[in-house]
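I wanted to go through this fold piece by piece and keep notes as I went. Here is the structure I had open.

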Amino acid sequence: MKTPDSKRRTGREMKAALWTARHPGSVLAPASTVAAGTQLGWTTTGMIAGGTAAGLCGWYRAHPATFDHWAAPRMRAWRRRWSAYLGPRWHNALRACDLYVVHRKSGEEQFPRIIKTRSYSPTVDTVWVRIPQGMSARKFEANLDELTEALRARRVAVEKVKPGVLGLVIERDEPFTETIDAPDMPDEPDAVDLKNVYVGETEFGADWRLPVLGQHTFIAGATGAGKNSIPMSELRALAPLIRDGLVRLWICDPKQMEFAKLEGIAHRYATDEGECSELVDEFVDDLQRVQREFSEQGTRKLELSRVTPLNVLIIDEIGSLLAYGDGTVARNLRKKLAIVTSQGRATGHSVTALVQEPTKDTVPVRELFTIRICLRVTAAAQVDMVLGENARLRGALADEIPNAPETAGIGYVIRQRTRVPMRVRAAYVADHEIDELVSFVRAGWGTGQHLTAVA
Ligand SMILES: Nc1ncnc2c1ncn2[C@@H]1O[C@H](COP(=O)(O)OP(=O)(O)OP(=O)(O)O)[C@@H](O)[C@H]1O
């Protein structure tokens, strides 16, 4: 039944009561401080407050991982809610962009009401708003530029959460303003931690590291997004292991661009679709050979050696292989990828796939990969296709990364424990640094160093 209209406005005291009911914490916190001050004395209350602050500082310093996971997002969201999105400021911003409705009879202004704020990262806020009747997501979309300016943000994206509720993803700042140097190549295999390979930096200023052993990586990004820099950084970190025969490269390179430089140090290298399919078959045969040997010898844990090295399969532009021809190659590839991603962990077979355009062909295989990275993509829908449901709503604005050389290598990953997107930037491996990698490995091969590696 439609609520009848009235010319009278809602009473101020009723608005205040409603506000209190919706924000119990904001009323209880000052009220309990005053109560504690009068009951326990202001000195004791001050000591309790000081002790709490000192405890938080101690936590912040002693255990960054748990602090960043539990405390930081809540504290950040709270601060932003009361600074950037406080009532009058919020209303002024919306009024400036015509994002409000005026009640037909009472003339009362009705604004989208903030129902939840989350700041999963220092640079992105997600604000859920309940919109008044007569407003739609389309109106927000039409006024996004104005809203971005009014909120002094870099970018704002809008998502429908459920009927009547929108999610505004507000990017406030760009943490990456400089190119990150390519990682050094260690001299010796002992210096390489295969579970923690440096590939760039996170928005929190920490090293961005990826596991190579036992994991499978899916990297999506439009042309020029900087996808190559991720596997290239990994390969530089693995250089002494490649040189010593403890890591073998298998490369499917239909584009024959940057990866072509690695042909000379690859164990297997293929370019056309048929050859690539054969290469993947051989990779799986190798995996099954190791499985048989392990079963005969009763081995349960992989010890890297020249007989059982880590095998890294890189498939550039997997989309073109999955969409190729009559579907035979695609079907075979899907089947073989399922084997590698489910069984390769124990035998030391890892796969990294790169794709320009995540489409319906690539979505089913995406689920097979344990690590997924989304660099700049060309459509909002592609973000969730790569990173999973609601990734964009939680702040992974990969489609909003400008198509400019200064943003190459920037993208998002989902943090394993929190399932929250994190903005990252890959280190940049220039052509001469790829050449340096190849020379480093081949120089070792020239001296026969790989033959003397511990078997
Ligand atoms: N991590 C990075 N940091 C800064 N600049 C980068 C980075 N990676 C790449 N670039 C720059 O962006 C350009 C395009 O990079 P790259 O060829 O790796 O993109 P791509 O995603 O692999 O594109 P394509 O799919 O067309 O091969 C590079 O020539 C380089 O100038």
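Below are my entries, grouped by the part I was looking at.

**Before starting.** I reminded myself that this is a predicted model.

**Entry 1, the small sheet.** I started with an open sheet of four strands, ordered 3-4-6-5 and paired antiparallel. I looked up its edges and found strand 3 (113-118) and strand 5 (155-162), each with pairing on one side only. Neighbouring strands here are turned by 25° against each other on average, ignoring direction. I then checked how strand 3 is held to strand 4 (residues 124-130): five bridges, in the antiparallel sense. For one residue pair to click on, I took Lys-116, whose bridge partner in strand 4 is Trp-128. Helix 4 (residues 64-83) packs on this sheet and touches strand 3 and strand 4. The direction of helix 4 makes about 145° with that of strand 3.

**Entry 2, helix 5.** Which residues of helix 5 (residues 87-96) are buried? I got Trp-90, Ala-93 and Leu-94. They span an arc of only 95° around the axis, so they sit on the same side of helix 5. Pro-88 and Asn-92, on the other side of helix 5, are exposed. What do the buried residues of helix 5 pack against? I found strand 3 and helix 7 (144-150), and strand 3 is the edge strand from my first entry. After helix 5 comes Asp-98, which I noted for its positive phi, near 65°.

**Entry 3, the 10-strand sheet.** Next I went to the other open sheet, with 10 strands in the order 8-7-16-15-14-9-13-12-10-11 and mixed pairing. Strand 8 and strand 11 (268-270) are the edges, each pairing on one side only. From one strand to the next, the twist averages 25°. I also followed helix 8 (residues 229-237), which packs on this sheet and touches several strands, including strand 7, strand 9 (217-220) and strand 16 (421-426). Its direction makes about 135° with that of strand 7. Between strand 14 (residues 371-375) and strand 15 (residues 410-414) I found three bridges, running antiparallel. There, Cys-374 has Tyr-412 of strand 15 as its bridge partner.

**Entry 4, strands 7 and 8.** I zoomed in on strand 7 (residues 197-202) and strand 8, which run antiparallel and are joined by four bridges. Gly-200 has Trp-208 of strand 8 as its bridge partner. The hairpin has four residues between the strands, and Gly-205 takes a positive phi there, near 85°. In a regular strand, side chains alternate between the two faces of the sheet. I checked this along strand 8 (residues 207-210): Trp-208 and Leu-210 point to one face and are buried, while Asp-207 and Arg-209 point to the other and are not.

**Entry 5, Gly-214.** This glycine lies in the loop between strand 8 and strand 9. Is Gly-214 buried or exposed? I had to write "partly exposed", because Gly-214 has 17 C-beta neighbours inside 10 Å, and buried would take 20 or more. Gly-214 touches Arg-345 and Ser-350, leaving out residues up to four places away in sequence. I also noted Lys-195: its C-alpha atom is 8.4 Å from that of Gly-214, with the two 19 residues apart along the chain.

**Entry 6, the ligand.** Finally I listed what surrounds the ligand and got 16 residues. The closest are Thr-223, Gly-226, Ala-408, Gly-409 and Tyr-428. Sorted by class, the shell has six nonpolar, nine polar and one charged residues.

Note on methods. Residues numbered from 1 in each chain as written. Predicted model: local features only at pLDDT ≥ 70, side-chain atom pairs only at ≥ 80, totals over all residues. Near = placed C-beta within 6 Å. Nonpolar A, V, L, I, M, F, W, Y, C, P; charged D, E, K, R; others polar. Pairing = 2+ DSSP bridges. Axes fitted to C-alpha atoms, helices over the stretch in contact; angles between N-to-C directions. Contact = placed C-beta atoms within 7 Å. Buried ≥ 20, exposed ≤ 12 C-beta atoms within 10 Å, placed from the backbone. Arc of directions from axis to C-beta.
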